[in-house]
Structures are given as C-alpha cells and as structure tokens.
Amino acid sequence: MNAAVIVLLVLLAALAVSVAAGYAFSSRSARLRAMDVRGGIGARQKAFVRFSSAYCRIGGRVLAYGILFLTCAASLFPFLWMISSSLKTPAEVSNTMRLVFFPASPQWSNYARAWTTIDMVGGFLNTMIIEAATIPVCVIVSSLEAFAFSKMYMRHKTVHLLILLSGLMVPYASVVLPLYRAYYKLGFINTFWPLILPTMFGSVSQMFFYIQYQKGIPDAMFESGKIDGAGYLQQFVHIMLPMMGPAIAAQVVFMFIGNWNDFFAPSLYLTNENVKTLQLKLKSLSDGNRMDLPYVFAGAAITCVPLFAIYFAFQRYFVGGLAITGTGVKG
Amino acid sequence: MEKVKIRPGRLKRKEGRIALAIISVKYVGEIVFVFVPVLFSILYSFTDYNAARETAPFFSRIGDIWIGFGNYKNLFTHFMYSEYFLRSVCNNLFMLLSVPLGIAAGLLVAAILSQPDIRFAGVFRMLIYMPVVAGAVAMNIIWRYMFDNQYGLINSLLGTQWMWLTDDWLVKTAIVIKNVWGGVGRTMILCLAAMLAVDGNYYEAAKLDGAGATRRFFAITLPIITPTVFYLLITGVIGNLQMYTDSLIFASGDPGAQTVVYFIWTFGIRRSMYGLAAAASTLLTITIMIITVVQFRISDRWVFEG
C-alpha cells in the first residue's frame with residue numbers, strides 16, 4: 001500500500017511545483033505586460049510573455065481541473081466506500097491485509113438484513129410523522145410572521161426583529177436541561193411533542209429568509225388588494241402565498257433534510273424502540289459488534305438514499321436558497 | 001427640508017396592532033422555548049439541583065440548594081469535574097481548526113469554479129456539495145470505519161498503525177479532517193454565489209493594469225466577498241462549539257474528543273447534575289453571545305459593504 005502514498009506525494013509535489021512556477025511566471029509576465037503598455041519592451045521579453053502566458057493557461061488549467069477532481073474524489077469517496085463495504089462479508093470488512101473495493105461476491109442480502117434487524121420501516125414512519133407534523137405548520141406560520149414584518153405597518157420593526165433574531169444566538173444545549181425537565185413533568189418523554197411543539201410557532205431563521213423574499217414582491221399588489229377590500233389574512237392567503245412558491249419549496253426541502261438528519265434532540269427525548277427515528281435506529285445498529293459492520297453500512301446507505309434523491313431532484317433550491325440566506329444574513 | 005413627524009392614522013394603528021398580534025405568536029414561541037429556559041438554566045447554575053433526587057418542587061427549596069458560584073468554581077477547580085470540563089474546552093478549541101481549514105479549501109474550489117471557462121462547473125458543484133446533505137450519523141459511521149485503528153482504510157493506505165480513534169490528539173485530528181471534508185461544500189456554494197455577483201468591470205480594469213489571476217483574487221474577489229467569508233467563519237465557529245454527534249458516534253465518547261455539549265449531556269441528562277451542567281451551558285451561551293456581538297462590531301469596521 002506504500003505505492004499509493006508515493007503516488008499521492010508525487011501528485012502533491014507536482015501540484016506545488018505547478019503552483020509555484022505558475023505564480024512566478026504569471027507575476028513576471030504581468031509586470032512585463034504592464035511595462036509594455038507603458039513604454040514597450042524588447043523582443044525577448046515579448047517572447048517570455050507569450051511563453052509564460054501560454055504556460056500559465058495550460059498549467060493553470062491542469063492545476064484547476066486537478067484540484068476540482070481531487071476535491072470531487074474526496075467528497076465522493078466515503079460514500080463509495082460505504083456502498084462498497086456494505087456489499088462485503090464480515091470477513092472482508094475486517095481484512096487488514098487486502099483491501100478490496102469490489103467485493104468478490106456482492107452480499108446484497110446485507111441490505112435485507114439491515115432493513116429487518118433494526119425495523120427500518122418503523123424508524124422511517126416515525127421520522128415521517130415528525131416531518132408531516134412540523135413542516136406544514138412551521139412553513140405557514142413563519143411566512144405569516146414574515147408577512148407582518150415585510151408588508152405591514154409596525155412601530156419599532158427593527159427592534160422586534162432583533163429581539164427575535166437574538167434567540168438564534170442561544171445554543172440548543174443551553175436550553176435543553178429546563179426543557180427536558182418540563183417535558184419530563186408533562187409526560188412528553190418518548191412522544192414526538194418535544195420535537196413538534198417548538199416548530200408550531202414558526203422558526204426565526206425561516207422567517208428571516210421569507211422576509212428577504214417577500215421584500216422583493218411589489219407593495220402595489222397588496223395595496224390593490226386593500227382597495228378591493230381584502231383583509232390582511234386574505235391578502236396573505238390570496239396574494240402572498242401563491243407568489244411564495246419557490247421560497248417555500250426551498251425551505252420545505254431544507255427542513256425535510258434537517259429533520260431527517262436531526263440527531264441531538266431526538267436522541268434525548270426518544271429512547272423507546274417504538275418511537276425511535278431512522279437516525280436513532282441507525283445509531284443503535286452501529287452499537288453492535290464488529291461482525292455486524294456490513295449491515296451497519298447497508299443501513300447507513302439506506303438512510304442516505306432518500307436524501308440524495310431529494311438533493312438531486314431539487315438541485316436548484318440548494319444553490320438558490322442558500323445564496324439568499326448566505327449573503328443576506330450576517331450572523 | 002424639515003422632516004415632519006406625522007402620527008400614524010387610525011387605520012395604520014389598527015394595521016400595527018394586527019401585525020403585533022401576528023408576531024406575538026413568534027414571541028410566545030421564543031419566550032416559552034428559548035428565553036424562559038435560558039433564565040431557568042442560569043438559575044439552575046447557581047444551585048445544587050439534582051433532578052434525580054428531587055423531593056419537592058424546585059422553587060420551594062431553592063433557598064436550601066443555592067450555592068452561588070459554587071458550580072462555576074467546581075468546573076475549574078474541583079478534582080472530579082475540572083478535568084472533564086477543561087479537557088472538553090480544550091478539545092472544542094482544537095476542533096475549531098476545521099473551520100478556517102474548511103473555509104480555505106472551499107474558497108479555493110469556489111475561486112476555480114467561478115472562472116467562466118471551466119467546463120462541467122455545475123457537475124463539480126453538485127458533487128462537492130454532497131457531503132453537506134448527508135446525515136451526520138451515517139457519515140460518522142463511515143468515517144469511523146475509515147479511521148479504524150485496526151481495520152481502517154487510512155492506516156492501511158499510509159502503512160501506519162496509528163491509533164486514530166483512541167489517541168488523544170489523533171482522534172481530534174481525525175474529527176478535524178472529517179469536518180473539513182464536510183464543510184468544503186457549504187463554503188463553496190456560498191462563496192461561489194458571492195463571487196458570481198462581483199461586478200465584472202473590476203476584473204477588466206485589473207487585467208488592463210496587468211494583474212494576474214492570483215493578484216486579482218486577493219485584491220478584488222476576496223475583499224468584496226468578506227461578508228460571506230465572515231458569515232461562514234462565525235456560523236462555523238458557533239456550530240462547531242455545539243458539536244456533539246462526533247464525540248458520541250465517531251469517537252464513541254473517547255476522552256480525547258469530548259466536547260462541552262457532550263459534557264452537558266453526560267452530567268445533565270445522564271447523571272442529572274443539573275447545576276453543574278447548567279453552569280457549563282451558561283458559559284457556552286455567554287461565549288456564543290460574545291462571538292456574535294463582536295462579529296457585529298468588527299463587521300462594521302473592516303468588512304466590505306458594496
């Protein structure tokens with residue numbers, strides 16, 4: 001396996017040399033070009049400029065694609081390794097002498113076994129109950145609150161917004177003890193309420209996102225609604241909501257993925273086997289012994305499939321949605 | 001011209017009342033689920049409250065269990081707890097390394113992808129962002145296996161026998177590597193959006209003045225996208241301070257990778273020592289608040305606002 005290390009080192013060295021040479025050439029040729037603009041340079045220098053910019057173009061191109069391919073490979077490799085390992089036998093997984101990427105006989109039965117051992121269906125249903133109970137309410141309530149901020153008259157608007165945003169500074173770990181105590185007293189441990197209740201009042205970050213989006217919708221639409229005698233709720237339902245399609249879709253996708261991957265809060269409140277979410281089931285599967293490893297990877301792969309399906313299907317929301325929150329919010 | 005302040009009319013005031021009524025929903029939510037719990041948490045931190053040994057309601061015996069700053073003192077000096085706590089703090093600080101490293105790597109990739117003549121930029125972007133979408137549990141499981149002391153892929157590739165999962169420093173390094181891997185995509189997408197919004201005229205002008213690609217990046221792109229980089233840095237640090245899943249699953253609670261939130265979980269939820277855990281969580285809240293406020297102050301001064 002040392003050959004791999006050597007190849008890697010050579011690659012890295014080549015990259016480094018390429019960067020250094022490219023930088024040296026490009027800065028010198030840039031200097032010369034600037035001189036040329038001002039007063040003219042000799043033929044030899046001109047040749048250098050031509051050579052170096054050609055070198056830079058090719059070298060820079062090779063370097064750029066090299067970095068992209070390396071990053072891509074690094075990003076994908078763990079997933080590929082997960083799938084490859086999920087098709088191995090327990091012996092192959094713990095074989096230190098020979099690492100194989102393509103197992104001799106793919107053990108598709110690992111998936112069936114993972115599926116049944118940890119009651120994936122139950123975990124999936126529990127996760128879906130949480131998704132279904134939180135997403136619609138949270139999305140509607142947050143966008144209504146955003147409507148009050150973006151299109152309605154309100155005194156001290158900035159102060160209200162800042163107070164609400166300040167809640168984002170508080171880490172969940174800091175409120176978890178009193179909340180846990182309260183839920184315990186209310187008998188909410190091992191129910192979905194601790195995960196559903198807080199979202200019923202909307203989410204501040206989602207609200208902030210919607211405010212940014214709603215500001216882009218012209219006020220005139222709501223004024224004409226007002227003249228036609230529409231109340232605020234009607235304006236919201238009949239004018240605002242139909243126009244918020246892309247924003248809501250993006251937030252639904254984000255929230256679905258967030259809920260799907262949520263681990264900290266569910267791990268505190270859901271300890272009974274029959275209420276565990278998919279992620280918790282996966283965690284308990286991974287606590288088993290080493291012989292179970294292939295099933296664990298199969299289970300992990302199964303939990304990733306819906307995520308990636310959604311990711312590829314809603315590709316544009318990831319880029320667009322994040323871009324708005326990313327540059328709009330500061331902190 | 002003098003600005004005349006007009007008292008809003010009756011309809012306006014009615015509109016204001018309705019708007020307040022609407023956002024009061026969010027106020028109720030914030031008060032019930034954030035502000036009151038924070039106050040309780042602070043209150044707990046001054047007491048010797050142990051939920052498992054509760055005889056009477058908390059408030060009826062708050063005088064008996066009040067110990068002032070005792071918990072805070074214990075966190076730093078008590079022979080049983082200070083070791084845990086200080087170790088968690090150090091681990092957290094070390095693992096913050098993944099934030100600047102992830103941002104640097106993401107910036108590099110974004111700078112390349114923002115060039116107009118790169119082919120398949122969309123495909124690269126899509127694939128590089130994938131780790132961000134994947135669930136933390138599944139990713140911790142697979143990385144744990146890749147870093148495994150005995151059967152790990154990384155040890156066999158390097159031809160070493162390093163104790164990635166149990167050595168105090170290696171386990172932190174492994175988590176940093178894993179989190180850099182997980183963070184590149186996020187930085188890349190956000191920085192790319194910011195870079196593509198930069199006015200192309202700046203680059204034209206710089207090219208005429210003879211600035212190379214590297215120079216253009218550091219003199220134009222980077223200063224203009226500082227708000228995004230700063231946002232990533234702050235949210236990254238805040239998110240990193242709240243790390244928990246990595247300690248629990250990747251390191252399976254190994255002392256070398258315990259974090260402050262893991263400390264809160266161990267002492268608060270598992271051992272029911274609410275006072276001690278609340279003191280730690282109060283310190284965490286204060287830290288995050290300071291970071292946020294400082295960020296607001298600094299970003300006014302040196303962040304470019306186009």
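1. A helix here is a DSSP run of at least four residues, numbered from the N terminus. In this predicted model, F124(A) sits in helix α5 of chain A. F124(A) counts as partly exposed because its relative accessibility is 35%, which falls between the 20% limit for buried and the 50% limit for exposed.

2. F124(A) belongs to a nonpolar surface patch together with W115(A), V121(A) and L125(A). The accessible area of these residues together is about 370 Å². Helix α5 (residues 120-151) of chain A supplies the largest share of the patch, 3 residues.

3. A second surface patch is positively charged and draws on both chains: R155(A) is joined there by R7(B), R10(B), R13(B), K14(B) and R17(B). Of these, R17(B) lies in helix α1 of chain B, which covers residues 10-45. R17(B) is classed as exposed because its relative accessibility is 56%.

4. Over all chains, the structure holds 9 salt bridges. One of them links K226(A) with E15(B), with 3.7 Å between the closest N and O atoms. This pair crosses between chains, running from helix α10 (residues 220-227) of chain A to helix α1 of chain B. The two ends differ in cover: K226(A) is partly exposed at a relative accessible area of 36%, whereas E15(B) is buried at 6%.

5. Within chain A, the side chains of D287(A) and K283(A) meet in a salt bridge with an N to O distance of 2.8 Å. D287(A) is exposed, with 52% relative accessibility. K283(A), at a relative accessible area of 15%, is buried, since buried means under 20%.

6. Salt bridges with shared partners also tie D119(A), E273(A), K276(A) and K281(A) into one network. Inside this network, E273(A) bonds to K276(A) through a salt bridge whose closest N and O atoms are 3.6 Å apart. E273(A) is partly exposed, its relative accessible area being 46%, while K276(A) is buried at 13%.

7. On confidence, chain B has a mean pLDDT of 84, and 95% of its residues reach 70 or more. Among the elements of chain B, helix α5 (residues 98-113) has the highest mean pLDDT, at 90. The lowest mean, 72, belongs to helix α2 (residues 62-65) of chain B. Predicted coordinates should not be read in detail where pLDDT is low.

Key:
Residues numbered from 1 in each chain as written. Chains lettered and ligands numbered in written order. Predicted model: local features only at pLDDT ≥ 70, side-chain atom pairs only at ≥ 80, totals over all residues. Heavy atoms only, no water. Patch = residues over 30% accessible without salt bridge, like charges linked within 9 Å, V, L, I, M, F, W, Y side chains within 5 Å. Areas by Shrake-Rupley, 256 points an atom, 1.4 Å probe, with all protein chains shown as cover. Salt bridge = Lys/Arg side-chain N within 4 Å of Asp/Glu carboxyl O. Lys, Arg positive; Asp, Glu negative; His and termini not counted. Charge placed at Lys NZ, Arg CZ, Asp CG, Glu CD. Helix = DSSP H or I, 4+ residues; strand = E, 2+ residues; numbered from the N terminus. Buried < 20%, exposed > 50% of the residue type's maximum accessible area, 1.4 Å probe, protein only. pLDDT = per-residue confidence, 0-100.
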